[in-house]
Amino acid sequence: MLKDDMESVIQTFHQSDLIILATPLYFNSVTSWFKIFIDRTQILYNAKYKLKDPIFKEKKKVVVIANAGAPHYPGQFEGIMVELKHFFWNINADVIGYYKYNDTDEVMIKDNEAARLELANAGAQIANLQF
Ligand SMILES: Cc1cc2nc3c(=O)[nH]c(=O)nc-3n(C[C@H](O)[C@H](O)[C@H](O)COP(=O)(O)O)c2cc1C
């Protein structure tokens, strides 16, 4: 078995009420680092489907933030949505917020008034969640 800090990452996941994942769009999908991270959560998949004893007993709440450098084009975020939908099934998680921003090579999220407002509202809602 590969021994690295993934064990503590999964432990932190386990102890978290809410997980926020963020990725830039790379070739219409998550980055290769993010994909490596997903692949390393296979232990969660095996526990849930093979051993029928999920490590996350209760569904985890997840928020996703994705940014794409290019202006909008059809299907821009579809790859991420499909990849992450299956990932969240596998690890027993529910997405409670999906925030996607395009054209960020032109206007960064920090300079995008509408995006900042949307994320501030999301933060306020999260702060009021009961766990
Ligand atoms: C390898 C690579 C692939 C990218 N692919 C896409 C893409 O498919 N669609 C898009 O809108 N932007 C794409 N971009 C732009 C990035 O989403 C954007 O520049 C992002 O802010 C890069 O984040 P980073 O600086 O953390 O790598 C790509 C950028 C890189 C470097």
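A residue is counted as buried if 20 or more other C-beta atoms lie within 10 Å of its own, as exposed if 12 or fewer do, and as partly exposed in between. The exercises below apply this scale and others to a predicted model.

**Exercise 1. Classify Tyr 73 as buried or exposed, and place the residue in the chain.**

Step 1. Tyr 73 has 9 other C-beta atoms within 10 Å.
Step 2. The limit for an exposed residue is 12 or fewer, so Tyr 73 is exposed.
Step 3. Tyr 73 belongs to the loop that joins E2 to H4.
Step 4. Although Tyr 73 and Asn 102 are 29 residues apart along the chain, 9.2 Å separates their C-alpha atoms.

**Exercise 2. Determine the order of elements along the protein and describe its overall extent.**

Step 1. The protein comprises five helices and three strands.
Step 2. Read from the N terminus, these elements follow the pattern α-β-α-α-β-α-β-α.
Step 3. Along the principal axes, the C-alpha atoms fill a box of roughly 45 × 35 × 25 Å.
Step 4. The protein has 131 residues, of which 12% count as buried.
Step 5. Among contacts with a separation of 6 or more, 75% join residues 24 or more positions apart.

**Exercise 3. Reconstruct the sheet: state the strand order, the sense of pairing and the edge strands.**

Step 1. The three strands are arranged as E1-E2-E3 in an open sheet, with parallel pairing.
Step 2. Strand E1 (18–24) and strand E3 (93–101) are the edge strands, since each pairs on one side only.
Step 3. Neighbouring strands of this sheet are turned by 20 degrees against each other on average, direction ignored.
Step 4. Seven bridges connect E1 with strand E2 (residues 60–67) in the parallel sense. Thr 23 has Ala 66 in E2 as its bridge partner, and Pro 24 faces Asn 67 in E2.
Step 5. Eight bridges, also in the parallel sense, connect E2 with E3. Val 64 is opposite Tyr 98 in E3, while Ala 66 is opposite Lys 100 in E3.
Step 6. Ala 66 thus appears in both pairings, with Thr 23 as one partner and Lys 100 as another.

**Exercise 4. Identify the handedness of the unit containing helix H4, and locate helix H5 relative to the strands.**

Step 1. Helix H4 (residues 78–91) joins E2 and E3 in a β-α-β unit, and this unit is right-handed.
Step 2. Helix H5 (residues 113–127) lies across E1 and E3.
Step 3. The direction of H5 makes an angle of about 160 degrees with E3.

**Exercise 5. List the residues around the ligand and sort the shell by class.**

Step 1. The shell contains Pro 24, Leu 25, Tyr 26, Phe 27, Asn 28, Asn 67, Ala 68, Gly 69, Ala 70, Gln 76, Thr 104 and Asp 105.
Step 2. By class, these are six nonpolar, five polar and one charged residues.
Step 3. Two members of the shell, Pro 24 and Asn 67, also stand opposite each other in the pairing of E1 with E2.

**Exercise 6. For Lys 52 and Asp 103, give the value of phi, the location and the exposure.**

Step 1. Most residues other than glycine have a negative phi.
Step 2. Lys 52 has a positive phi, near 55 degrees. The residue sits in the loop between helix H3 (42–50) and E2. Lys 52 counts as exposed because 7 C-beta neighbours lie inside 10 Å.
Step 3. Asp 103 also has a positive phi, near 60 degrees. Its loop connects E3 with H5. Asp 103 is partly exposed because 14 other C-beta atoms lie within 10 Å.

**Exercise 7. Describe the surroundings of Asp 17: which residues does it contact, leaving aside neighbours within four places in sequence?**

Step 1. Asp 17 is located in the loop between helix H1 (6–15) and E1.
Step 2. With sequence neighbours within four places set aside, Asp 17 is in contact with Lys 61 and Phe 131.
Step 3. The C-alpha atom of Asp 17 is separated by 9.5 Å from that of Gln 130, a residue 113 positions away along the chain.
Step 4. Asp 17 has 11 C-beta neighbours inside 10 Å and therefore counts as exposed.

Definitions and conventions. Residues numbered from 1 in each chain as written. Predicted model: local features only at pLDDT ≥ 70, side-chain atom pairs only at ≥ 80, totals over all residues. Near = placed C-beta within 6 Å. Nonpolar A, V, L, I, M, F, W, Y, C, P; charged D, E, K, R; others polar. Pairing = 2+ DSSP bridges. Helix = DSSP H or I, 4+ residues; strand = E, 2+ residues; numbered from the N terminus. Axes fitted to C-alpha atoms, helices over the stretch in contact; angles between N-to-C directions. Contact = placed C-beta atoms within 7 Å. Right-handed = clockwise from strand over helix to strand, strands pointing away.
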